[in-house]
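Here is a short tour for anyone meeting this structure for the first time. Have a look at the sequence and the model, and then we'll walk through a few spots together.

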Amino acid sequence: MKRILVLGGGSAGVMFSNRMRREFGQDELEIVVIEKSEKHIYQPAFTLVVFDLDDPKNLVRPTKDLFFDGIKLVIDEVTKIHPEENKVTTTKNGDYSYDYLVIATGGRLVYGEPEGMKEGLEKGTNLFTFYNMDGAVKLRDALKNFDGGTIASTVCEMPIKCPAAPMKFIMMAEDMSRRMGIRDKCKFVFTTPMPAVFSRQPYASKLESIFKARGIETVPNFTPSEVDHDKGIIKDFGGKEVKFDLMSITPPHEGMSLIENSEGVGDAANWVTCDKHRMVSKKFENIYGIGDATDFPTSKTASGIRKQAKVLVSIFKAILKGEAPTATYDGEIICPMLTRYNRVMFAHFNYEEAISPAIESYANWVLKVHMLRPLYFNLMLNGLV
Ligand SMILES: Cc1cc2nc3c(=O)[nH]c(=O)nc-3n(C[C@H](O)[C@H](O)[C@H](O)COP(=O)(O)OP(=O)(O)OC[C@H]3O[C@@H](n4cnc5c(N)ncnc54)[C@H](O)[C@@H]3O)c2cc1C
């Protein structure tokens, strides 16, 4: 019997494996998942936690409860892939061989640069990141006590998970200041290494007009070199400075270290190099990538993974029948952007074009704030939507 080995049991590993198990019986295909963490966290709600719109305890589930029967879950860390020998090495359980390998190990935050970021985050007085649960909770508590000054949101580098999240933060913080009655005592600044707030139309124009109308200053082409949390100043490589009283920073992201240890699998930032449509490794024909771990030139989102999982299952259905796969991923993602309380705009696009108009609505808010988490745990992870 053939074995598919899946590395990583986050959103991508679970959505793909459960869909595969529904298509193939246990007597047809062995599915083994190696995941290092016993806890699965629903990251898209970190932005909601910051504004007290979700409770951190709702976001966490035991990893083992997410997989269908008949999927073998191994809690262990993979340290290296040996593509020429069709096997991987783990920390505790030795080597695992495979016929096909699916890499779903996601990305990680890198705290080495800008200088001073790590110390500022550790001190936790005016510098925060909501890109992890602990940071989201600390930022929530700091915002509750904020009584005026400059709030900044800084993106260090691209690519990052959900590139809209730092914008959601600054728009929601601005709206929160109105609701707290302190808007006239506050200033809002968004810095980005990109030339504009957002890269895709029509959402970019809409966001620019929202920022302008609500007095959120944008500092484009700003790649931070150092943060001085004591003085409340962030500088970029070109010498520009932004002052802040409270800052949310999005640290640089990279692929996982096992990719670095596995020759030929990833690029310089350890993203798995794959054909952006066929999802197969650019170098190894029995290795596939899915989710944040890949170098797909689209936003790193769970919504994109939902689509990728469907495509990858179709690809394997063909391969396991001995046919040439025809299914392809078109880069589709849907990103719910919270623009203010009770309003969300969906940015919905693929590699080529926008799929939905740039409209803020209450219905979108209800979907994002009240429905997406239950949909994720009950339907998306089970491969039902
Ligand atoms: C603040 C924030 C807001 C977001 N908002 C949205 C949103 O609104 N909509 C949306 O669709 N998406 C959003 N996302 C993005 C979404 O959460 C991610 O795209 C998605 O969770 C990525 O899933 P993944 O499985 O690819 O990676 P991960 O969820 O990171 O899973 C990777 C798994 O691999 C495991 N792993 C890594 N290395 C190893 C190893 N060596 N051995 C064994 N296991 C390993 C990890 O433990 C992890 O469980 C947001 C993310 C953040 C941080």
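Let's begin with one pair of residues: Thr89 sits across from Asp95, which belongs to strand 8. Keep in mind throughout that this is a predicted model. Strand 7, covering residues 87-90, pairs with strand 8 in the antiparallel sense, and 3 bridges hold that pairing.

Zoom out a little and you'll find an open sheet of 3 strands, ordered 6-7-8, with antiparallel pairing. Strand 6 (78-82) and strand 8 (95-97) are the edge strands; each has a single partner strand, so one side of each has no neighbour in the sheet. On average, neighbouring strands here are turned by 20 degrees against each other, direction ignored.

Further along the chain come two hairpins that share strand 16. Strand 15 (residues 224-228) pairs with strand 16 (residues 233-236) in the antiparallel sense, and strand 16 also runs antiparallel to strand 17 (residues 241-243). Here they are side by side:

| Strands | Bridges | Bridge partners | Residues between the strands | Glycine with positive phi |
|---|---|---|---|---|
| Strand 15 and strand 16 | 4 bridges | Glu226 and Lys235 | 4 residues | Gly232, near 70 degrees |
| Strand 16 and strand 17 | 3 bridges | Ile233 and Lys243 | 4 residues | Gly239, about 95 degrees |

Now for the empty space inside. How many cavities of 30 Å³ or more are there? The count comes to 1, and the volume of the largest cavity is about 60 Å³. Among the residues lining the largest cavity are Gly291, Asp292, Phe296, Lys300 and Ile305. Sorted by class, its lining has 6 polar, 2 nonpolar and 2 charged residues.

Finally, the aromatic rings. The model has 15 aromatic pairs. One of them joins Tyr341 and Trp365: the ring centres are 6.0 Å apart and the planes stand at 40 degrees, so this pair is tilted. This pair links distant parts of the chain, with the two residues 24 residues apart. Tyr341 lies in the loop between strand 21 (333-340) and strand 22 (343-349), while Trp365 is part of helix 9 (residues 362-380).

Are these two residues buried or exposed? Tyr341 has a relative accessibility of 14%, so it counts as buried. Trp365 is buried too, with a relative accessible area of 3%.

Before you go, look for one more aromatic group: Phe16, Tyr100, Tyr288 and Phe316 form one cluster.

Terms used: Residues numbered from 1 in each chain as written. Predicted model: local features only at pLDDT ≥ 70, side-chain atom pairs only at ≥ 80, totals over all residues. Heavy atoms only, no water. Pairing = 2+ DSSP bridges. Axes fitted to C-alpha atoms, helices over the stretch in contact; angles between N-to-C directions. 1 Å grid on protein atoms, 1.4 Å probe; cavity = no way out; pocket = protein on both sides within 12 Å on 5 of 7 lines; lining within 4 Å. Points joined across faces, edges and corners; volume = space filled by probe spheres on them. Nonpolar A, V, L, I, M, F, W, Y, C, P; charged D, E, K, R; others polar. Phe/Tyr/Trp six-rings, centres within 6.5 Å; stacked < 30°, edge-to-face > 60°. Buried < 20%, exposed > 50% of the residue type's maximum accessible area, 1.4 Å probe, protein only.
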